[in-house]
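Me: I'm new to this structure. Could you take me through the surroundings of the ligand in some detail?

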Amino acid sequence: MRKIIIAGNWKLNKTIKEAVELVNGLKQDLAQTKEVDIVVCPVYPALSEVSKLTAGSNIGLGAQDLYWEDAGAFTGEVSAPLLKDAGCQYVIIGHSERRQFFGETDATVNKKIGAALKHGLTPIVCVGEVLAERESNKTFDVIKTQVTGAFSGYSAEDMKKIIIAYEPVWAIGTGKTASPEQAQEVHKFIRDLLVKMYDVGTAQTVRIQYGGSVKSDNARELMSQPDIDGALVGGASLKRDQFVALVQNANVKK
Ligand code: PGA
């Protein structure tokens, strides 16, 4: 049984004060939620403050990116040891916005995964096709290239510590969600690929989140799919009531 994991990717939103307010609210409303893993991913400057609130609670803390070197002359970057120091347990790697606007590639994703694992952070590795790729029937090719590139050189033991987020780029922030069947089809493809790259046991262990306009009203149907094990949520993670309802609706028995 894979436990559902819902992660809020706050992107470039919220001041430190606003982040603290939101987490305080989530702690109150979700204190009894034990069946779903919950993670919030605020901006870097808010991590330390938020970690004081999430410590000892049922809410995990993640960063939105990291650099693969531990320290050195890399102006503007943040490393895995610093994220650990700030209280993180998770880190998003290879989000489509990083790929699209900041030159992230499968090769840099691959290096970042190594840095995260080395320092005991759980990577949430994002993959997904753009609209033109879907429309020209290239979805599976794109996903295969991204998955094999991201995890090349990592062992089955490493893979078991990794979370994958399938996020069709055309569904991110657009209000357009992949249908549960469309999402399930790609999730199954990814899991079958993990069987080929590793083994059945590893493939069955890895949690695969869906991302792209997940809201409280579509969470249940998406999470009910056999290979969808959670969600990476942007817009709907920024409002207390919406995120709380989403987490509650994501608690499905399979
Ligand atoms: P969205 O973003 O929920 O606003 O579509 C998802 C994501 O980018 O992770």
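Reply: Here is a walk around the ligand and what touches it. First, this is a predicted model, where local features need pLDDT of at least 70 and side-chain atom pairs count only at pLDDT 80 or more, while totals for chains, interfaces and linings use all residues. Residues are numbered from 1 along each chain as its sequence is written, and side-chain values use heavy atoms, with hydrogens and water left out.

So, who's around? The ligand is surrounded by 13 residues, counting a residue if one of its heavy atoms lies within 4 Å. Lys-11, His-95, Glu-167, Gly-173 and Ser-213 are the closest. Sorted by class, that shell holds four nonpolar, seven polar and two charged residues; here Ala, Val, Leu, Ile, Met, Phe, Trp, Tyr, Cys and Pro count as nonpolar, Asp, Glu, Lys and Arg as charged, and the others, Gly among them, as polar.

Now for the polar contacts, meaning pairs of N or O atoms within 3.5 Å. The side chain of His-95 puts an N or O atom 2.7 Å from a ligand oxygen. Ser-213 uses a backbone N or O atom, 2.7 Å from an oxygen of the ligand. With Gly-235, a polar backbone atom sits 2.8 Å from a ligand oxygen. As for cover, the ligand taken alone exposes 280 Å², and the protein buries 95% of that, with areas from the Shrake-Rupley method and a 1.4 Å probe.

Conventions:
A polar contact is a pair of N or O atoms within 3.5 Å; within protein, one must be able to donate a hydrogen and the other to accept it, and residues adjacent in sequence count only if both atoms are side-chain atoms.
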